[in-house]
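Here are some short exercises to work through with the model on your screen. Try each task yourself, then follow the solution step by step.

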Amino acid sequence: MGYKTIIGLEIHVELMTKTKIFCNCTNEFGGEANTHCCPVCLGLPGAIPQLNEKVLEYGIKAGIAFNCDIARKTKMDRKNYFYSDLVKGYQISQDDIPLCSNGYVEIELEEGTKKVRLDRIHIEEDTGKSVHTETGDTLLDYNRAGVPLIEIVTKPDMNSAEEARLFLEKLRATLKYIVFRKIKSHIKIY
Amino acid sequence: MDIIDLKAWEMKEKLLNREISSREILESHLNRVEEVEKDINAFITINREKALLDADIIDKKIKNGEEVGALAGIPIGVKDNIMTKDLRTTAGSKILEDFISPYDATVIKKIKENHGIILGKTNMDEFSMGGTTQSSYFGPTKNPLDNTKVPGGSSGGSAAAVKSKEVPLSIGSDTGGSIRQPASYCGLVGIKPTYGLVSRYGLIALSNTLDQIGVFGRDVQDAVLMLNVISGKDQRDFSTMDSKALDIESLEKVDSLKGIKVALPKEFFLGEMDDRVKAEMDKSINIFKDLGATIEEIDLPSVKYALETYHIITSGDISSNMARFDGIRYGYRAKDYETLDELYINSRTEGFGEEVKRRILFGTYILSGHRGKEYYDKALKIRTKIIGEFNNVFSKYDIILSPTSPNLAFNLGEKRSEIYSRNEALFQMPVNLAGLCAISVPTGNKEGLPVGLQIIGDRFKEIDIIKAAFAYEGMVK
Amino acid sequence: MINKDTVLEMAELAKLSISEAELDRYVDNLNQMIEVVDKIKEVDTEDLEPNYNVNNLINPLREDEIKESLPREEVLKNTNEEQYGYFKILRVMD
């Protein structure tokens with residue numbers, strides 16, 4: 001008896017908006033460390049997040065592109081944990097009412113077309129970055145803190161590395177039309 | 001009459017008439033601080049040098065015939081949980097003892113634009129968690145009327161600073177009574193505005209959907225002067241709304257409340273309270289009748305759960321809001337640590353006081369696992385019920401009356417009775433849960449410690465509570 | 001009723017340390033608070049929606065326009081240790 005490969009993917013996509021998700025700091029890549037920061041993305045006490053309308057727009061567009069149900073009412077939630085690149089001690093993300101749910105991506109296999117179903121697409125903020133030095137310290141740069149992301153989660157519908165590859169290519173090809181920048185994927189093997 | 005005995009609006013009048021200078025106003029208050037501050041401890045930081053520079057700038061403007069703002073020349077106290085650029089903001093805590101904010105809260109920007117002079121940052125319960133200002137890392141504040149008594153809290157420093165005449169105006173914050181209660185204990189006017197009238201951008205968050213910045217003044221006119229300056233929709237705080245809440249220009253001093261319908265919730269008036277408070281409440285109700293208002297008793301049953309609902313929501317929020325204090329980007333960092341975990345644990349354990357830690361732990365408990373639904377979500381549903389009940393009351397009545405507190409200012413170091421503690425919360429917390437506006441005005445008693453009357457208004461109906469407060473104040477002066 | 005273990009678990013989540021000497025006090029305090037708030041269990045909330053914000057604001061969104069960020073010195077001025085424009089802490093294992 002052999003094993004069946006079952007693959008689900010969780011993909012984070014950076015949105016190419018002008019500004020970060022919750023503040024007016026530039027979303028431009030690069031820049032000297034800690035020069036694209038403000039009270040909001042630094043998580044200073046008293047700062048209040050303000051949702052970027054373009055992030056909502058791109059999130060909805062992605063949902064439409066992948067045949068999702070778009071929520072009529074949605075909300076942001078806090079994911080509380082401690083880490084040095086997480087300025088508030090929580091990440092503003094979406095939990096039980098994601099912006100988009102269900103949906104699918106079609107991939108072409110030899111046998112025919114296969115639908116890889118999506119579980120959800122939601123919007124959230126990225127964290128800062130750490131750099132490790134030889135002297136044993138960690139250096140933290142918060143330029144990337146607050147960069148807008150959409151998270152795309154698939155159902156475990158893929159059965160081979162090849163299918164996963166085709167899926168990602170199709171995803172990328174579609175997303176390119178909706179102005180995205182960088183796509184990072186994490187593989188969850190069931 | 002000394003300058004410090006004048007009301008804020010009187011100081012401004014004399015300044016514009018060139019009878020006194022801004023420097024004179026400021027110096028008389030700085031002298032007062034010299035005189036009494038060691039006995040009161042209302043301030044954590046005094047902004048002496050910058051304040052003197054500000055005063056000189058205003059004097060120059062007046063000399064040149066330039067326009068000056070609504071708060072020109074008036075020395076102001078700011079509760080130390082409100083961000084002030086280049087001036088220490090500590091939240092009454094060791095964990096922010098050396099923190100210097102790189103930005104101004106929106107209300108501070110407005111005060112500066114209106115030429116108010118920030119004289120200092122006032123003392124408070126640590127991170128606003130308390131009702132007596134005794135949990136401050138910087139020592140307790142004493143009630144200026146009686147040094148053995150508490151000034152109330154958590155905005156005790158802001159209240160004491162105005163009562164002791166160290167400043168004529170101050171701002172504080174109110175999440176569950178933290179402006180109204182100290183106003184009552186110190187014999188001042190205190191206003192907690194409608195949720196969304198004043199921007200929270202730059203206010204260190206305690207409970208994000210309950211917090212509001214508000215004002216202290218020695219009379220209604222003074223308090224309204226400040227409220228007018230700090231209100232208004234702010235693009236940096238999405239929870240603020242445009243409103244014609246104040247429309248102060250058209251407000252004439254009112255001496256009749258004919259046609260005003262007043263509701264007296266049985267839950268507020270049948271509760272246990274100090275005899276002196278009861279006596280003042282009875283007198284106050286008669287005063288409203290004399291002013292021509294109609295008074296009716298009503299039921300407000302859901303306030304029975306206000307205390308529990310409040311504690312669940314605020315503790316949950318606290319446990320999350322306090323997570324940013326980790327010693328990495330700002331704030332106290334422990335000297336000894338070997339891992340990231342230890343950096344967090346040691347900094348937070350050494351930096352926070354006990355009450356803060358207690359609430360963080362409780363909040364963590366009620367948010368963990370299935371308890372989040374059992375407690376927090378359920379509390380949010382009860383909140384809907386409370387809001388509904390108040391909407392119903394305000395569809396028939398203009399204002400609600402209650403005692404601000406069931407007791408007078410009590411001794412430092414002492415604990416109040418359970419029932420008084422509970423009733424005080426009962427009178428104050430529902431106002432925050434429903435986002436309503438409320439004002440506490442001193443009642444007429446000339447003997448002994450002050451009693452406060454609370455006038456509650458519907459959301460964005462500050463005009464109703466201010467009119468009622470003006471009329472009442474006129475009768476008890 | 002919660003016991004010492006639960007309090008220690010919560011302390012771990014909240015990155016706080018409670019000493020042996022203080023532990024009993026915290027357990028008592030927390031149990032008192034739980035007893036108080038448990039009262040809400042008697043309320044029927046079956047047909048109620050949770051209230052997230054009294055203002056019920058619909059779509060309070062911000063324009064995607066760049067504004068000036070804080071100067072780096074301001075960003076770093078309150079930290080204990082910095083180097084080359086970065087915040088510095090001891091090495092963290094990813």
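**Exercise 1: Two helices that cross**

In this predicted model, find how α10(B) passes α14(B), and which residues make the contact.

*Solution.* Start with the handedness: the crossing of α10(B) past α14(B) is left-handed. Next, locate the helices: α10 spans residues 306-321 of chain B and α14 spans residues 418-433 of chain B. Their axes are 8 Å apart and meet at an angle of about 65°. Now list the residues: α10(B) brings Ala306(B), Leu307(B), Thr309(B) and Tyr310(B), while α14(B) brings Arg422(B), Ala425(B), Leu426(B), Met429(B), Pro430(B) and Leu433(B). Finally, sort the residues of this contact by class: eight are nonpolar, one is polar and one is charged.

**Exercise 2: A glycine in a strand**

Decide whether Gly190(B) is buried or exposed.

*Solution.* First, place the residue: Gly190(B) belongs to strand β5 (residues 189-192) of chain B. Then count: Gly190(B) has 35 C-beta neighbours inside 10 Å. The cut-off for a buried residue is 20 or more, so Gly190(B) is buried. Leaving out residues up to four places away in sequence, its contacts include Ile179(B), Pro182(B), Phe216(B) and Ser440(B).

**Exercise 3: Where two chains touch**

Work out which element gives the largest share of the side of chain C that touches chain B.

*Solution.* Begin with the totals: 37 residues of chain C contact 45 residues of chain B. On the chain C side, α1 (4-13), α2 (20-37) and β2 (86-90) each supply at least two residues. The largest share, six residues, is from α2(C). By class, this side of chain C has 23 nonpolar, nine polar and five charged residues.

Terms used: Residues are numbered from 1 along each chain as its sequence is written. Chains are lettered from A and ligands numbered from 1 in the order in which they are written. This is a predicted model: local features need pLDDT of at least 70, side-chain atom pairs count only at pLDDT 80 or more; totals for chains, interfaces and linings use all residues. Two residues are in contact if their C-beta atoms, placed from the backbone, lie within 7 Å. Helices (H or I, at least four residues) and strands (E, at least two) are DSSP runs, numbered from the N terminus. Ala, Val, Leu, Ile, Met, Phe, Trp, Tyr, Cys and Pro count as nonpolar, Asp, Glu, Lys and Arg as charged, and the others, Gly among them, as polar. Axes are lines fitted to C-alpha atoms, for helices over the stretch in contact, and angles run from 0 to 180 degrees between N-to-C directions. A crossing is left-handed if the near helix is turned anticlockwise from the far one by less than a right angle, and right-handed if clockwise. A residue is buried if 20 or more other C-beta atoms lie within 10 Å of its own, exposed if 12 or fewer, and partly exposed in between; C-beta atoms are placed from the backbone.
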